Amino acid sequence: MAAGEVALRLAIPQRRERSPWAMALRQLLRNRLAVVSAIFVTLVIGGAIFADLISPYDFATNHLKDNYALPGSTYLMGADALGRDILSRTIYGARVSIAVAVVAATVSLVVGITYGLVSGYFGGRIDDIMMRIVDFLYGLPILIVIILMQVYFKALSRRGSAVGLVGLIIGANKAMGGLLFIFIAMGLLNWIGMARITRGQVLSYKEKEFIEAAHMVGANNVRIIFRHLLPNILGPCIVQETLSIPAYILTEAFLSFIGLGVDPPTPSWGIMLQEGYQALRSYSHVLVAPSMALTLTVLAFNFLGDGLRDALDPRLYE
Amino acid sequence: MTRYIVRRLLFSIPVFVALTFATFALMRAIPGGPFDFAGERGLPASIVQNMERKYHLDEPIWKQYGRWLWDLVAHADLGPSLRQRGRSVNDIVGESFPISIQLGLMALALALLIGIPAGTLAALKQNSIVDYSSTFMAIVGVSIPNMVLGPLLIWIFALGLNWLPVSLWGAERPFLLGFLPKPTLKFFSHAVLPVFTLGTGLSASIARLTRASLLQVIREDYIRTARAKGLGEWIVIIRHALKNSLIPVVTILGPMFAAIVTGTFVVEQIFGIPGMGKHFVTSIGNRDYPLIVGVTLIYAVLLVIANLMVDMTYAWLDPRVRYQ
């Protein structure tokens with residue numbers, strides 16, 4: 001038989017099979033701003049991880065003779081009011097911002113998606129109750145709740161003589177420079193939006209034929225949720241989450257700015273800006289590094305989030 | 001409609017009660033009290049005891065809360081400030097709240113005035129240089145935090161060029177209607193920098209949303225119908241397209257209100273503006289319980305009313321939405 005069939009096969013141009021993820025990646029790589037942003041974000045994350053290796057000084061060591069030193073060969077970005085190297089503090093500050101972004105986003109994804117999946121999939125009474133709870137939490141002014149909780153946590157850790165579990169948490173928080181309590185305060189309420197989005201997605205997929213087919217061949221609930229529903233809703237949820245990362249970073253900076261964030265001397269960009277703006281008239285150079293770091297990081301996450309959204313929305317390209 | 005509003009307001013009462021009680025309980029669970037005067041010379045224990053008795057701080061929490069709630073409902077009294085001697089929370093709020101309102105409203109107005117035209121222009125000239133540059137500017141605007149933009153504007157326009165004052169607020173009392181200041185040159189010159197600081201980010205997100213939503217609406221059938229029956233291009237855009245495309249924009253006005261509130265904390269601190277945000281932050285550090293609860297309640301009421309107004313604006317913009 002051979003010859004004719006082979007010739008026929010060769011004549012038809014082979015269409016390469018592409019998974020949706022590969023297509024999305026291709027689309028993303030075509031977006032130059034998103035690629036540059038992705039590189040920048042990678043650099044910031046690298047800086048956060050290897051801060052010990054790359055920063056020229058320790059973030060907390062004072063050089064009191066050099067307070068407000070101008071940028072130069074000794075201190076590349078200058079020194080702050082206590083003579084601490086600003087470049088080193090900015091690099092270490094990335095740790096706080098990145099940690100907050102990663103933890104807040106993970107908590108929000110895991111809790112929000114689980115909550116939304118359960119609520120949307122099982123429906124009925126369970127859905128009613130779970131959504132009423134979400135509605136109530138939605139009515140709370142989240143920022144004010146976060147502030148109040150931070151105040152409570154801070155006062156608690158200042159007393160610092162607790163025993164048992166509370167003592168353990170306070171100890172861990174101290175070791176993390178006050179970050180643990182920020183994680184708790186932000187993680188506690190930020191999943192609400194994600195839960196709503198997930199539920200909406202689940203409701204629209206639940207009635208589709210492939211779910212019905214899965215039911216018919218006898219798949220159990222757990223299998224349907226994890227094997228059939230989750231892969232379909234994960235994409236939009238991750239995009240949504242990427243888009244809220246700037247908000248997490250800015251919330252931490254805001255808390256640190258008003259004195260309710262990380263504990264000094266842990267450097268956070270918010271604290272550095274707070275200390276810096278008071279010396280604006282005479283020593284404006286101390287603001288340069290933290291301002292650039294915060295703005296560019298937020299900018300990069302925004303571009304990246306936009307790029308991801310465009311890449312994962314198949315309606316936008318052919 | 002009226003029934004809907006009344007019901008929504010009634011439903012929000014449990015939120016207020018839960019929030020104020022939680023604040024009440026949480027603040028008192030914090031170690032330390034209003035008469036510690038941390039870092040200053042302390043008071044003798046007997047005097048602290050007398051003070052606590054005077055302000056009923058020795059009673060159980062539910063009793064204190066009941067007393068506070070009764071004063072609020074019956075006399076519209078938020079109680080005395082524990083740290084600012086001889087002043088009530090009503091006084092402090094009455095003095096500082098109008099200033100925060102002035103700042104917030106002007107920033108919101110600026111945001112709408114820049115954001116909606118910029119977004120509309122970008123959408124009408126889609127994929128042109130106007131579109132790209134305005135979209136790019138919008139992302140940059142969203143990404144610059146207040147705490148970076150404020151000092152930057154001061155550095156350029158106040159310290160560098162010396163055009164505008166560095167800080168403080170120039171409004172003269174008494175205010176018309178309780179919050180409208182006299183439109184003096186002094187007022188505006190002090191307001192420019194803080195209002196721009198607060199309004200830039202907001203206008204950027206409004207521009208982005210207006211563009212996205214207008215692009216969708218322009219492709220709708222009823223726009224083609226409007227054009228087909230021979231309406232002028234401007235009438236089609238403004239009356240038919242823009243009005244509908246503003247619905248998603250209105251949705252973010254609710255969260256935006258929250259952003260304005262946060263923004264005022266930062267902007268008031270940077271520019272030394274005597275608004276309410278400052279009291280919220282310092283009262284927490286001072287353990288000034290009634291002031292904390294009072295200011296929290298006002299913010300909560302503000303946010304709930306903002307959300308309600310957002311929902312009502314929907315109904316006005318989109319005739320398909322009806323509340324009962």
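**Exercise 1. In what order do the elements of chain A run from the N terminus on?**

Solution. The model is a predicted one. Begin with the count: the secondary structure of chain A comes to 14 helices and 0 strands. Read from the N terminus, the order is therefore α-α-α-α-α-α-α-α-α-α-α-α-α-α. Next, consider burial. Chain A has 318 residues, and 38% of them are buried. Last, consider the contacts in chain A with a separation of 6 or more: 70% of these join residues 24 or more positions apart.

**Exercise 2. Describe the contact between chain A and chain B, and classify the residues on the side of chain B.**

Solution. Step one is to count residues on each side: chain B gives 33 residues and chain A gives 30 residues. Step two is to find the elements of chain B that give two or more residues to this side, and they are α1 (2-29), α5 (129-143), α6 (146-160), α9 (233-271), α10 (276-286) and α11 (289-317). Step three is the division by class: on the side of chain B that touches chain A, 27 residues are nonpolar, 6 are polar and none is charged.

**Exercise 3. Find how α6(B) and α7(B) are oriented to each other.**

Solution. Take the geometry to begin with.

- The axes of α6(B) and helix α7 (residues 185-218) of chain B come within 9 Å and cross at roughly 140°.
- An angle over 145 degrees would count as roughly antiparallel, and 65 to 115 as roughly perpendicular.
- α6(B) and α7(B) are therefore oblique to each other.
- Their crossing is right-handed.

Then list the residues in contact. α6(B) contributes B:Asn146, B:Leu149, B:Gly150, B:Leu153, B:Ile154, B:Phe157 and B:Ala158, while α7(B) contributes B:Leu193, B:Phe196, B:Thr197, B:Leu198, B:Thr200 and B:Gly201. By class, this contact holds 8 nonpolar and 5 polar residues, with no charged ones.

**Exercise 4. Repeat the analysis for α5(A) and α10(A).**

Solution. Helix α5 (residues 86-122) of chain A packs with helix α10 (residues 191-206) of chain A at an angle of about 40°, and the axes are 7 Å apart. Angles under 35 degrees count as roughly parallel, and this pair is therefore oblique. α5(A) passes α10(A) in a right-handed crossing. Residues of α5(A) in the contact include A:Val107, A:Leu109, A:Ile113 and A:Tyr115, and those of α10(A) include A:Trp191, A:Met194, A:Arg196 and A:Lys206. The contact of α5(A) with α10(A) has 13 nonpolar, 6 polar and 3 charged residues.

**Exercise 5. Which residues touch the most other members of the largest nonpolar core?**

Solution. The largest nonpolar core has 129 residues. Those that touch the most other members are A:Ile182, A:Ile249, A:Ala253, A:Leu273, B:Ala107 and B:Ile260. By element, α9(B) supplies the largest share of this core, 16 residues. Take B:Ile260 as an example: leaving out residues up to four places away in sequence, B:Ile260 touches B:Gly104, B:Ala107, B:Leu108 and B:Leu198. Another core, apart from the largest, has 12 residues, among them A:Tyr115, A:Val134, A:Met194 and A:Ile233.

**Exercise 6. Decide whether B:Asn162, A:Thr61 and A:Arg309 are exposed or partly exposed.**

Solution. The cut-off for exposed is 12 or fewer other C-beta atoms within 10 Å, and a residue counts as buried at 20 or more.

- B:Asn162 lies in the loop between α6 and α7 of chain B. It has 9 C-beta neighbours inside 10 Å, so B:Asn162 is exposed. B:Asn162 also has a positive phi of about 60°, although it is not a glycine.
- A:Thr61 lies in the loop between α4 (51-54) and α5 of chain A. With 12 C-beta neighbours inside 10 Å, A:Thr61 is exposed.
- A:Arg309 lies in helix α14 (residues 288-312) of chain A. With 17 other C-beta atoms within 10 Å, A:Arg309 is partly exposed.

**Exercise 7. How many residues apart along the chain are A:Arg309 and A:Val239, and what separates their C-alpha atoms?**

Solution. A:Arg309 and A:Val239 are 70 residues apart along the chain, and 5.7 Å separates their C-alpha atoms. Beyond its neighbours within four places in sequence, A:Arg309 is in contact with A:Val239 and A:Leu243. For another pair, A:Thr61 and A:Asn190, the separation along the chain is 129 residues and that of the C-alpha atoms is 36 Å.

**Exercise 8. How many residues of α2(B) are buried?**

Solution. Helix α2 (residues 45-54) of chain B has 10 residues, and the number buried is 0, so α2(B) lies largely in the open. α2(B) is followed by B:His56, which has a positive phi near 60°.

Key. Residues are numbered from 1 along each chain as its sequence is written. Chains are lettered from A and ligands numbered from 1 in the order in which they are written. This is a predicted model: local features need pLDDT of at least 70, side-chain atom pairs count only at pLDDT 80 or more; totals for chains, interfaces and linings use all residues. Two residues are in contact if their C-beta atoms, placed from the backbone, lie within 7 Å. Helices (H or I, at least four residues) and strands (E, at least two) are DSSP runs, numbered from the N terminus. Ala, Val, Leu, Ile, Met, Phe, Trp, Tyr, Cys and Pro count as nonpolar, Asp, Glu, Lys and Arg as charged, and the others, Gly among them, as polar. Axes are lines fitted to C-alpha atoms, for helices over the stretch in contact, and angles run from 0 to 180 degrees between N-to-C directions. A crossing is left-handed if the near helix is turned anticlockwise from the far one by less than a right angle, and right-handed if clockwise. A nonpolar core is a set of buried Ala, Val, Leu, Ile, Met, Phe, Trp, Tyr and Cys residues joined through C-beta atoms within 7 Å.
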